[in-house]
Amino acid sequence: MGSVAIVTGAGTGLGRCLAISLAADKNCLVLVGRRAQRLDATRVECVEAGAAPDDVLAVPADLSDPGSAARVVAAARDRFGGVDMLVNNAAVATFGPLESTGVDTFVRLFTTNVAGPAALIRQAAPLLRSAGGVVVNVGSIGGLLAVPDRSFYGATKAALHHLTRSLARELAPEIRVNAVLPGAIDTEMYEDLGLDENATRRLREEMIRTTPLGRMGRPEDVVPWIRMLLGPAGSWMTGTLLVVDGGRSC
Ligand SMILES: NC(=O)c1ccc[n+]([C@@H]2O[C@H](COP(=O)([O-])OP(=O)(O)OC[C@H]3O[C@@H](n4cnc5c(N)ncnc54)[C@H](OP(=O)(O)O)[C@@H]3O)[C@@H](O)[C@H]2O)c1
């Protein structure tokens, strides 16, 4: 049996691409997200990529619900006996000015983007410790850059970066904790920002214009760096915030 990886947000975008890549290398996978249908579609793609059908488990869960983390980790333990890798990739983003954004939005973003990953790390820690395991959190250069109208999302990612560095020290030497910070990646996230069609188009244009390498990223541009941190090449790395952004934050 390969290593056991929990991947959140595995039904779409970056998480889907990562899950398929891990499946191709015969890892056992626990796919997490709210939409069961999207997870099932990824599950099929993982099997097509080479995973045995019994080695890919879809666990629909809303990670903003405090009880979900225990359920996800229990499902991984019951099916595969442990957890070697945890990738906290699921997140929500909403853009908008402070004065027209409700505090409930901030709470929703913080619960999903920070408390969700923290709860999963907490629940998985005993299994990760006995496996000599690894956590990769998917942050964002949005947590480094100060951008008007994006403060809530940026603040949750900055908090996730801090959590990464603090837990890297707290959980060492048994568990490594790192983060990958993507720049603009062309995924469904751009359709879910709460912007109208024109604003979304303008945002995509802005992302291309402000990225020195001249295009938005693709999930395939980021996944190898997550894999690097999960694998032997990352064995002496913890507390690292690895920027993969086409130069946008430099
Ligand atoms: N796209 C970018 O430009 C960009 C840039 C920097 C960083 N990132 C980060 O990259 C990661 C992946 O995003 P993406 O671009 O691939 O966007 P995406 O396709 O929208 O992926 C987000 C995933 O998170 C899941 N999710 C959201 N809320 C959840 C919840 N409460 N419980 C469980 N799952 C939840 C979604 O699935 P369900 O809706 O089915 O739950 C979805 O699969 C995120 O952490 C994002 O912040 C993206």
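**Note on the ligand site and the backbone around it**

1. A backbone N or O atom of Ile185 lies 2.8 Å from an oxygen atom of the ligand. This is read from a predicted model, and the points below should be taken in that light.

2. Two side chains also make contacts of this kind with the ligand. A polar atom in the side chain of Arg34 is placed 2.7 Å from a ligand oxygen, and in Tyr153 a side-chain N or O atom stands 2.6 Å from an oxygen atom of the ligand. Of the 870 Å² of accessible area that the ligand has on its own, the protein covers 96%.

3. The shell around the ligand holds 28 residues, of which Thr12, Arg34, Asn89, Tyr153 and Thr187 come nearest. By character, the residues of this shell divide into 13 nonpolar, 11 polar and 4 charged. Among the elements that contribute to the shell are α1, which spans residues 13-24, and α5, which spans 151-171, and each of these supplies at least two of its residues.

4. Helix α1 can be followed further, to its packing with another helix. It packs with α7, which is made of residues 219-230, at an angle of about 55 degrees and with the two axes 9 Å apart. An angle of about 55 degrees is neither under 35 degrees nor in the range from 65 to 115, and α1 and α7 are therefore oblique to each other. The crossing that these two helices, α1 and α7, make is right-handed.

5. How is the backbone arranged in the loop that comes after α1? Lys26 sits in the loop between α1 and β2, the strand of residues 28-33, and this lysine has a positive phi of about 70 degrees although it is not a glycine.

6. A residue with a positive phi is also found on the way into α5. Asp149 belongs to the loop between β5, which covers residues 134-138, and α5; its phi is positive, at about 70 degrees, although Asp149 is not a glycine.

7. Which form does the peptide bond from Ala172 to Pro173 take, cis or trans? The bond is cis, with omega near 0 degrees, and Pro173 has its place in the loop that runs between α5 and β6, the strand of residues 176-182. A reader who wishes to check these points in the structure could begin with α5, a helix that supplies at least two residues of the ligand shell, and then go on to the loop with Pro173 between α5 and β6.

Methods: Residues are numbered from 1 along each chain as its sequence is written. This is a predicted model: local features need pLDDT of at least 70, side-chain atom pairs count only at pLDDT 80 or more; totals for chains, interfaces and linings use all residues. Side-chain values use heavy atoms; hydrogens and water are left out. A residue is near a molecule or strand if one of its heavy atoms lies within 4 Å of it. A polar contact is a pair of N or O atoms within 3.5 Å; within protein, one must be able to donate a hydrogen and the other to accept it, and residues adjacent in sequence count only if both atoms are side-chain atoms. Accessible areas come from the Shrake-Rupley method with a 1.4 Å probe; for residues, only the protein chains shown count as cover. Helices (H or I, at least four residues) and strands (E, at least two) are DSSP runs, numbered from the N terminus. Ala, Val, Leu, Ile, Met, Phe, Trp, Tyr, Cys and Pro count as nonpolar, Asp, Glu, Lys and Arg as charged, and the others, Gly among them, as polar. Axes are lines fitted to C-alpha atoms, for helices over the stretch in contact, and angles run from 0 to 180 degrees between N-to-C directions. Angles under 35 degrees count as roughly parallel, over 145 as roughly antiparallel, 65 to 115 as roughly perpendicular and the rest as oblique. A crossing is left-handed if the near helix is turned anticlockwise from the far one by less than a right angle, and right-handed if clockwise.
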